[in-house]
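This report describes a single protein chain, moving from its overall architecture to particular contacts and surfaces.

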Amino acid sequence: MAIAAWVEQVLNYHDAGQADRQKRVRYRIRQGMKQGQRRILLAGAAVGFFCVALGAFGAHALGDMLNERARFQFDLGIRYAFYHGLALLGAGLALPVAARPRQLSLGAVFFTAGTVLFSGSLLLLAVTRLKLFAMLTPLGGLCLLAGWALFVYSMWAGRASGEAQ
């Protein structure tokens, strides 16, 4: 943070005319959201890391062991995990400007759960060929949809009431 911006923030915070209780609460909330933002960004980075690692494992170690359908399932699982790792990174970056940050954080939880359930079940189904894992895929898909719905709501919600600019 630039020193001038920090000084301005401190002066505005301690300005007697503007330092009412509501501003202090908002300031504390903004400071506390940094931890949640870091967690979301960490989750997105971890998903990206595992996508690259599992993609390399699938391409090199599994090679010809998977039939065409299993290869498709494996690739689809990796692709959707990667997309939602990027969505987690986007949610983490968007958290400070979201009209409803709590809903965006909840959306990130749904993205994470959906990625584990949807992509994880596809990867396990491709490798083990156990149909039991196929039952988890729709639940993961619903979690991913809920994550996207919460992402949209969290960014758009303040528009109607005039909160977001």
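The paragraphs below take up the helices, the core, the surface and a few residues around the helix ends.

The model is a predicted one, in which local features need pLDDT of at least 70 and side-chain atom pairs count only at pLDDT 80 or more, whereas totals for chains, interfaces and linings use all residues. Residues are numbered from 1 along each chain as its sequence is written, and side-chain values use heavy atoms, with hydrogens and water left out.

The chain contains 5 helices and 0 strands, where helices (H or I, at least four residues) and strands (E, at least two) are DSSP runs numbered from the N terminus. Read from the N terminus on, the order of elements is α-α-α-α-α. Two of the helices can be set beside their expected span, defined as 1.5 Å times one less than the number of residues.

| Helix | Residues in helix | End-to-end C-alpha distance | Expected span |
|---|---|---|---|
| α3 | 27 residues | 39 Å | 39 Å |
| α4 | 28 residues | 39 Å | 40 Å |

Of the 165 residues of the chain, 32% count as buried; buried means under 20% relative accessible area, exposed over 50%, and partly exposed in between, with a 1.4 Å probe and protein chains only. The largest nonpolar core (buried Ala, Val, Leu, Ile, Met, Phe, Trp, Tyr and Cys residues joined through side-chain atoms within 4.5 Å) has 26 residues, of which Ile40, Phe74, Leu88, Leu104, Phe111 and Phe151 touch the most other members. Helices α2, α3, α4 and α5 each supply at least two residues of this core, and the largest share, 9 residues, comes from α3.

Helix α3 also carries the salt bridge that a search of the whole structure finds, the count being 1, with a salt bridge taken as a side-chain nitrogen of Lys or Arg within 4 Å of a carboxyl oxygen of Asp or Glu. The partners are Asp75 and Arg71, whose closest N and O atoms are 3.8 Å apart. Because Asp75 and Arg71 are 4 residues apart in helix α3, they are separated by about one helical turn. An α-helix has 3.6 residues a turn, so residues three or four places apart point the same way. Asp75 is partly exposed at 35% relative accessible area, and Arg71 is partly exposed at 22%. At the N-terminal end of α3, Asn67 acts as a cap, with a side-chain oxygen 3.2 Å from the backbone nitrogen of Arg69.

On the surface, Phe49, Phe50, Leu54 and Phe57 form a nonpolar patch with about 420 Å² of accessible area together. Patches are made of residues with over 30% relative accessible area and no salt bridge, like charges being joined within 9 Å and nonpolar side chains (Val, Leu, Ile, Met, Phe, Trp, Tyr) within 5 Å; the areas come from the Shrake-Rupley method with a 1.4 Å probe, and for residues only the protein chains shown count as cover. Within this patch, Phe57 belongs to helix α2 and is partly exposed at 42% relative accessibility.

Thr128, in helix α4, has a side chain that reaches the backbone oxygen of Leu124 at 2.6 Å, a polar contact being a pair of N or O atoms within 3.5 Å; within protein, one must be able to donate a hydrogen and the other to accept it, and residues adjacent in sequence count only if both atoms are side-chain atoms. The C-alpha atoms of Thr128 and Ala70 are separated by 9.3 Å, although these residues are 58 residues apart along the chain. Helix α4 is followed by Arg129, whose phi is positive, near 65 degrees, and Arg129 lies in the loop between α4 and α5.
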